[in-house]
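Visitor: Please give me a close look at one part of this protein, the loop that joins its first two strands. I should also like to learn how the rest of the chain is arranged around that part.

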Amino acid sequence: MTREAAGEASGAWSREEAREAAARPLTLYRIFWLFLIAGVVGDLVEVVFWLITRGELISRSSLLYGPFSLVWGAGAVLLTLALHGMEDRGAVRIVVTGAVLGGAYEYICSWLQEILFGACFWDYRHLPFNLNGRINLVFCLFWGLAALVWVRLLFPALCAFIDRIPRRMGRRIVQVSALFLACSTVLSAAALCRMDQRRRAVPAAGVVTVFLDECYPDSLLRNRYPNMGILDEIGW
């Protein structure tokens with residue numbers, strides 16, 4: 001039995017197969033799968049990290065429904081688009097590129113949260129070498145190391161995994177997941193925007209705002225986003 005046949009029989013894939021899969025053109029289908037996997041895994045990683053470091057089991061999801069981190073999912077897509085084809089470049093170059101891209105991405109995400117929702121979901125002002133509390137040197141280095149692991153290990157392995165999913169079944173999963181995430185994202189954003197309006201004493205006007213007030217009060221949103229800080233409350 002050849003090595004390829006043995007890999008097929010065992011359900012595993014060789015390093016060469018993973019490299020070949022990673023070298024193939026990026027398609028919307030493959031990018032969405034990476035977004036989906038990274039978003040779910042990223043949320044679970046944050047939950048476990050919080051549990052280990054702080055002894056608390058709390059939600060770290062970006063959405064009201066579903067264990068999913070938009071920051072991790074979109075970050076994986078950003079690293080993929082920016083670093084695709086760099087797997088053979090030097091490790092230092094990949095780390096530096098990832099650190100710069102990751103820091104800029106995290107800063108923009110924090111700024112958008114402030115503008116859109118009047119809130120922040122992370123605050124690094126207590127850490128040294130931070131920039132406006134939105135990013136800090138340690139987490140920028142983490143982004144750099146994550147970029148190296150992503151390019152050299154995770155991306156090729158995930159590409160090989162995605163390519164082995166039967167295309168018909170894979171497309172159905174993508175369609176259902178995309179619809180669910182779109183609905184959950186719109187609803188989550190609307191609920192957070194309405195929360196910011198309530199903070200500014202903007203009265204409900206219309207069926208939608210009344211629905212959001214009744215179904216998604218501040219208490220529910222604070223429970224779903226326990227690490228969320230309202231800017232006025234935290235002194236931003």
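Guide: Let us begin with a definition: a strand is a DSSP run of the type E with at least two residues, a helix is a run of the type H or I with at least four, and both are numbered from the N terminus. Please note also that the model is a predicted one.

The loop in your request lies between strand S1, residues 119-120, and strand S2, residues 130-131, and Phe129 has its place there. The backbone of Phe129 deserves attention. Most residues other than glycine have a negative phi. Phe129 is not a glycine, and its phi is nevertheless positive, near 55 degrees. The side chain belongs to a residue that is open to the surroundings: the relative accessible area of Phe129 is 66%, and because exposed means over 50%, Phe129 counts as exposed.

The next loop offers a second example. Asn132 is found between S2 and strand S3, which covers residues 135-136. Asn132, too, is not a glycine and has a positive phi, of about 55 degrees.

These strands belong to a longer order of elements. The chain contains ten helices and four strands. Along the sequence, the pattern reads α-α-α-α-α-β-β-β-α-α-α-α-β-α. The C-alpha atoms fill a box of roughly 70 × 45 × 35 Å along the principal axes. The chain has 236 residues, and 39% of them count as buried.

We may now turn to the helices. Helix H5 spans residues 91-117, and Leu116 lies in it. Leu116 also takes part in a nonpolar surface patch of about 480 Å², together with Ile108, Trp111, Leu112 and Ile115. The relative accessibility of Leu116 is 46%, so Leu116 counts as partly exposed, a class that lies between the 20% and 50% limits.

Helix H6, residues 137-164, leads us to the interior spaces. This helix and helix H4, residues 70-83, each supply at least two residues of the lining of the largest cavity. That cavity holds about 40 Å³ of space, and the structure has one cavity of 30 Å³ or more. Its lining includes Leu79, Leu83, His84, Trp150 and Phe155. By class, the lining of the largest cavity has five nonpolar residues, three polar and one charged.

A pocket provides another view of H6. The second largest pocket has a volume of about 260 Å³. Among the 13 residues that line this pocket, Arg15, Ala18, Arg19, Arg152 and Pro156 are the closest to its centre. Helix H2, residues 15-23, and H6 are the elements that give two or more residues to this lining. The lining of the second largest pocket contains eight nonpolar and five charged residues, but no polar ones.

Finally, Leu192 may be set beside the exposed Phe129 with which we began. Leu192 is found in helix H7, residues 167-199. With a relative accessible area of 5%, Leu192 counts as buried, because that class takes residues under 20%. Leu192 and Glu46 stand 146 residues apart in sequence, and their C-alpha atoms are 21 Å apart in space.

Conventions:
Residues numbered from 1 in each chain as written. Predicted model: local features only at pLDDT ≥ 70, side-chain atom pairs only at ≥ 80, totals over all residues. Heavy atoms only, no water. 1 Å grid on protein atoms, 1.4 Å probe; cavity = no way out; pocket = protein on both sides within 12 Å on 5 of 7 lines; lining within 4 Å. Points joined across faces, edges and corners; volume = space filled by probe spheres on them. Nonpolar A, V, L, I, M, F, W, Y, C, P; charged D, E, K, R; others polar. Patch = residues over 30% accessible without salt bridge, like charges linked within 9 Å, V, L, I, M, F, W, Y side chains within 5 Å. Areas by Shrake-Rupley, 256 points an atom, 1.4 Å probe, with all protein chains shown as cover. Salt bridge = Lys/Arg side-chain N within 4 Å of Asp/Glu carboxyl O. Buried < 20%, exposed > 50% of the residue type's maximum accessible area, 1.4 Å probe, protein only.
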